[in-house]
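Got a new structure open and not sure where to look? Here's a quick briefing to help you find your way around.

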Amino acid sequence: MLTTASYFVFYWVGEFNKAITLFGAVWTLLILFASYRLIKKSKTAPLFPQKIGKRVVLSVIALISFIFIYLNLSSLQSSFYKNRLETQHFIFYSSKNDDSLDKLADLLEQNYGRITDAIQVKLPAKTKVTVFPNPMNFIYSIGQFSNFWSLGVFGEDALYIVSPKYRPSMFQSTVHEFTHVVLSHVDSKRPTWLEEGVANYFGKTDLNALNVLPPLVSAGKIPGFDELDGSAFVYRNGYPYSYTIVEFLAAKYGYEKLNDFIRHPEDWDRIFGVSKAELHDLWVGYLRENYGSKMVRAK
Ligand SMILES: [Zn+2]
């Protein structure tokens with residue numbers, strides 16, 4: 001019954017994040033009611049032999065339920081975006097007055113032309129940026145329970161982010177996420193390192209590569225391209241490494257070839273005139289030269 005009801009709610013609201021919070025709020029009340037009934041009925045059951053135990057259990061359930069109800073309602077409230085700010089290429093939505101939005105809008109507009117030109121994509125619509133006041137509202141509203149560390153999610157014409165007011169690094173991270181929006185209009189099957197590398201390179205989020213990589217490069221801990229694809233990406237320092245691969249490709253081969261490669265990620269030989277293994281060797285050489293030690297780049 002609840003599942004069917006949720007479909008109706010989803011259909012009615014038409015927006016996933018609103019629907020999920022609405023559904024959560026209803027669901028929590030039902031759980032609370034059901035728990036209460038269960039406990040009332042179990043008067044003589046051995047489950048709660050003492051009266052005091054029953055009261056404690058009921059209080060704990062009530063407390064947990066109210067926390068959930070609070071989270072649901074505050075997320076729900078944050079998904080009814082009261083504030084709307086429209087610029088040339090973006091529309092921003094936020095629930096609370098957020099004075100970081102003007103700066104964020106300026107930053108995105110400043111980078112819009114550079115990134116769409118570089119990746120040679122014309123976006124058909126304005127990008128809708130939904131800004132959540134804190135990570136809890138974000139995670140709850142987007143349903144990102146599986147990756148708590150992610151504070152931004154993108155679609156083809158949408159971005160969902162935690163406010164830079166809460167976390168200042170979100171300013172630059174949003175430019176990174178916007179690069180993913182642009183990339184999502186390029187139809188090709190890209191390995192993780194290429195997708196993230198391009199977002200890092202054009203989004204200017206190098207994730208501290210100059211400090212993170214030198215000890216790894218000196219120790220010869222340099223991953224193969226295939227090791228930077230899929231779920232192992234994050235654990236193999238994929239973010240900073242992917243930045244350097246794309247930086248290397250852009251510096252050595254230029255944007256035209258980089259764009260060709262983004263569109264045909266299997267055509268190593270045709271585009272770069274070398275095999276995958278040879279290109280990896282060239283990149284390793286670039287790494288040793290530019291990220292081998294902190295001294296080299298400190299000139
Ligand atoms: Zn990314």
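What follows is a short tour, grouped by topic.

Keep in mind that this is a predicted model. The chain has 299 residues, and 46% of them count as buried. You'll find 12 helices and 5 strands along the chain. Among contacts with a separation of 6 or more, 65% are between residues 24 or more positions apart.

**The zinc site**

- Start with the metal: His 176, His 180 and Glu 196 coordinate the zinc ion at 2.1 Å.
- Both histidines use their NE2 atom for this, while the glutamate uses OE.
- Read along the chain, the donors fit the spacing H-x3-H-x15-E.
- His 180 belongs to helix H6 (residues 170-183) and Glu 196 to helix H7 (residues 192-203), so this pair, 16 residues apart, links distant parts of the chain.
- Are His 180 and Glu 196 buried or exposed? Both of them are buried.

**Strand S2 and its partners**

- Strand S2 covers residues 90-94, and 5 of its 5 residues are buried, so the rest of the structure largely encloses this strand.
- Which way do the residues of S2 point? Phe 90, Phe 92 and Ser 94 go one way, Ile 91 and Tyr 93 go the other, and all of them are buried.
- Strand S1 (residues 83-86) runs antiparallel to S2, and 4 bridges join the two.
- To spot this pairing, look for Asn 83, whose bridge partner in S2 is Ser 94.
- With 3 residues between them, S1 and S2 make a hairpin.
- S2 also pairs with strand S3 (residues 127-132), this time in parallel, through 5 bridges.
- Here Ser 94 turns up again, standing opposite Val 131 in S3.
- Together with helix H4 (residues 101-119), S2 and S3 build a left-handed β-α-β unit.

**Strand S5 and its partners**

- Strand S5 takes in residues 158-162; 4 of its 5 residues are buried, so this strand is largely enclosed by the rest of the structure.
- S3 and S5 run parallel and are joined by 5 bridges.
- In that pairing, Val 129 sits opposite Leu 159 of S5.
- Strand S4 (residues 152-154) is joined to S5 by 3 bridges, and the two run antiparallel.
- Look for Gly 152 to find one of these spots: its bridge partner in S5 is Ile 161.
- S4 and S5 form a hairpin too, with 3 residues between them.

**The nonpolar core**

- How many residues make up the largest nonpolar core? It has 66, and those with the most contacts inside it include Ile 119, Phe 178, Trp 193 and Leu 249.
- Helix H9 (residues 238-263) supplies the largest share of this core, 11 residues.
- Why does the core lie between domain 2 (83-183) and domain 3 (192-297)? Both domains give residues to this core, so it ends up between them.
- For a close-up, pick Leu 249: leaving aside its neighbours within four places in sequence, its contacts are Trp 193, Gly 254, Leu 258, Phe 261, Phe 272 and Leu 279.
- Two of those partners, Trp 193 and Leu 279, are also named among the core residues with the most contacts inside the core.

Definitions and conventions: Residues numbered from 1 in each chain as written. Predicted model: local features only at pLDDT ≥ 70, side-chain atom pairs only at ≥ 80, totals over all residues. Heavy atoms only, no water. Core = buried A, V, L, I, M, F, W, Y, C linked by side-chain atoms within 4.5 Å. Buried < 20%, exposed > 50% of the residue type's maximum accessible area, 1.4 Å probe, protein only. Domains from an automatic or database assignment. Contact = heavy atoms within 4.5 Å. Pairing = 2+ DSSP bridges. Right-handed = clockwise from strand over helix to strand, strands pointing away. Donors = N, O, S within 2.8 Å, 3.2 Å for Na, K, Ca; no water.
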